[in-house]
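Reader: I've just opened this one up and I'm not sure where to look. Could you walk me through it?

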Amino acid sequence: MKLPKLKSIKQYILSLRIPERLKVLLRPWPKFRNLVSSWPRLIGLFTVVFIFLYYPLGAIISENIDKRTDYDLAKIDNRSATVDTISFLIQREVHNKIWSPALPFVFPAYMLDNMPAFQLGIKSALDTTTTALAHQQSKFIEETDQNPLDTAAQLLNYPGNIWMFSPSNKLIPAPSSNSQYRRARKHLQKYNQILDENKAKFDNRASTLASILHSINKDIQKNINLIENHIRENNTNFYDGKSDDVFYYAQGKLYTYFLILKSLGIDYKNAIVTQEQYQTLTSILKTLEDASNLDPIFVRNGEPDSLFAPNHLYTISFYAEKTSINLQNMISGLKKVISME
C-alpha cells in the first residue's frame, strides 16, 4: 500500500488519529477512554506500560539458572577433562547466555539478583580451580612457551560486574567482564591443545590432586564463613533481602565444584583408585549434587529454632560443610603416598 504524500512522518502519524480511534474502542470503559484523549496522554500511557512490562517480563525471560548435573564429561586424548569443563562453563554462561552481573540498568536482566549471584559463584569457583591448576601444572610446560594457564587464571580473576566502565571511575572505559572471560577460555583451549600435541605433560600425581583439592576446600570454607556471618547478623530481621544472593552465590559455587570434581576424577582416576578414594569422591559428588538440586520458591533466613520460617542458608551451609569434611578426608588419604612419589 502506497503511503500518502505528506510533508513529514510526524504528519502521517498524526493523520492516523490513534487517540480518537482508541477512544471509540474504549467507549464501554469511560475511565480508560480518558487516558487516550490526546497524544501526550497516549505517549505517557505507553511509556508507563512499557516500563512495567519491559522490566518484569524481560527479567523473567532473561533469567536462566542452569543447574544441570547430567553432563557427559569425558577425557579426550591427552587433553585435561577439568580444563575442558572450565572452558565449557565459560562458554555456557558468557556466550550461550547473558552474563547478567555486568548488565547496566537499560537491560531488564538488571532487575535480577538470583541469576547474577549464581553466575558470580560459578566464576569464583572457576577462578579458584584455574589458579590451582596453573600453580601445579606450570612447571610441566616448556619454558619457551607462554603459559596459557597462568594467563587464563589472571583473566578469570577479573571482576564480574564490569560492563563498559571502571567501577572506580565511571568515565574511564574498561574491558568488560565478558571479554576477559572469553579470552580466558581461549587460553584454556590453547593449554589443552599443547597437551594434545605432547608439548606439555599433565601432572596426574596424587600429591598434585591433593594440592588442588586443598585450594577448593579453602574456598568452600571461606564461603561457609560468609554464610554463617550473614545468618548471625541478619536472621532476626523480619525481611532479609540479601539472603537469596548469599544462597545462590553459594549454590553456584557448589554446583561448579560438582562438575569440577567430577572432571578431576577423570584426570586423576589412577591416583584416586590406587589410594582407595573413589568412595569418598562419590560421596562428595552426591552431596554437591543434592546442594545443586535445592530449589526453594523463596529463600528464607529464619531463626534456627523457628517452626514456620525455614533457614535455607543453614541448608546450603550443611551441604558445604559436609563437602569440606569429605574433602579433608580425601586429602589425608592422598597425602599418605606423597612421601613415596
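**A first walk through the model**

Author: Sure. Keep in mind that this is a predicted model. In the protein chain, take the contacts with a separation of 6 or more: residues 24 or more positions apart account for 74% of them.

Reader: How many helices and how many strands does the protein chain have?

Author: Go along the elements from the N terminus and you read α-α-α-α-α-α-α-α-α-α-α-α-α. The count for the protein chain is 13 helices and zero strands.

Reader: What share of the residues in the protein chain is buried?

Author: Let's start from the outside: the protein chain exposes about 19200 Å², with carbon and sulfur atoms supplying 58% of that. Now for the inside. Of the 341 residues, the buried part is 47%.

Reader: Is helix α6 largely enclosed or not, and why?

Author: First, its geometry. Helix α6 covers residues 114-137, and its 24 residues at 1.5 Å a residue should span 34 Å, which agrees with end C-alpha atoms 34 Å apart. As for its surroundings, 21 of those 24 residues are buried, so the rest of the structure leaves α6 largely enclosed.

Reader: Which helix gives the largest share of the largest nonpolar core?

Author: That core has 74 residues, and those with the most contacts inside it are Leu-213, Ile-216, Leu-261 and Leu-264. Twelve residues of this core, its largest share, come from one helix: α10 (residues 243-267).

Reader: Which residues does Leu-264 touch, leaving aside its neighbours within four places in sequence?

Author: Leu-264 is among the core residues with the most contacts inside the core. Two others on that list, Leu-213 and Ile-216, are in contact with Leu-264. The full set for Leu-264 is Thr-82, Leu-209, Ile-212, Leu-213, Ile-216, Lys-269 and Ile-272.

Reader: Now the loop between α11 and α12: is Glu-276 buried or exposed there?

Author: Glu-276 sits in that loop, and its phi is positive, about 55°, although it is not a glycine. The cut-off for exposed is over 50% relative accessible area. Glu-276 has 69%, so it counts as exposed.

Reader: And Gln-277, is that one buried or exposed?

Author: Gln-277 is also in the loop between α11 (269-274) and α12 (278-292). Leaving aside neighbours within four places in sequence, Gln-277 is in contact with Ile-272, Asn-329, Met-330, Gly-333 and Leu-334. Its relative accessibility is 8%, so Gln-277 counts as buried.

Reader: What is the relative accessible area of Asn-198?

Author: Asn-198 is placed in the loop between α8 and α9 (206-234). Its phi is near 60°, a positive value in a residue other than glycine. Asn-198 is exposed because its relative accessible area is 59%.

Reader: Which residues make the nonpolar surface patch of about 270 Å²?

Author: Start with Trp-163, in the loop between α7 (148-156) and α8 (177-196). Trp-163 has 35% relative accessibility, so it counts as partly exposed. The patch is made by Trp-163, Met-164 and Phe-165.

Reader: One last stop: how far apart are the C-alpha atoms of Ser-176 and Leu-103?

Author: Ser-176 lies in the loop between α7 and α8, and counts as buried because its relative accessibility is 18%. Beyond neighbours within four places in sequence, Ser-176 is in contact with Tyr-158, Ile-162 and Trp-163. Ser-176 and Leu-103 are 73 residues apart along the chain, while their C-alpha atoms are separated by 10.0 Å.

Terms used: Residues numbered from 1 in each chain as written. Predicted model: local features only at pLDDT ≥ 70, side-chain atom pairs only at ≥ 80, totals over all residues. Heavy atoms only, no water. Patch = residues over 30% accessible without salt bridge, like charges linked within 9 Å, V, L, I, M, F, W, Y side chains within 5 Å. Areas by Shrake-Rupley, 256 points an atom, 1.4 Å probe, with all protein chains shown as cover. Salt bridge = Lys/Arg side-chain N within 4 Å of Asp/Glu carboxyl O. Helix = DSSP H or I, 4+ residues; strand = E, 2+ residues; numbered from the N terminus. Buried < 20%, exposed > 50% of the residue type's maximum accessible area, 1.4 Å probe, protein only. Expected span 1.5 Å × (residues − 1). Contact = heavy atoms within 4.5 Å. Core = buried A, V, L, I, M, F, W, Y, C linked by side-chain atoms within 4.5 Å.
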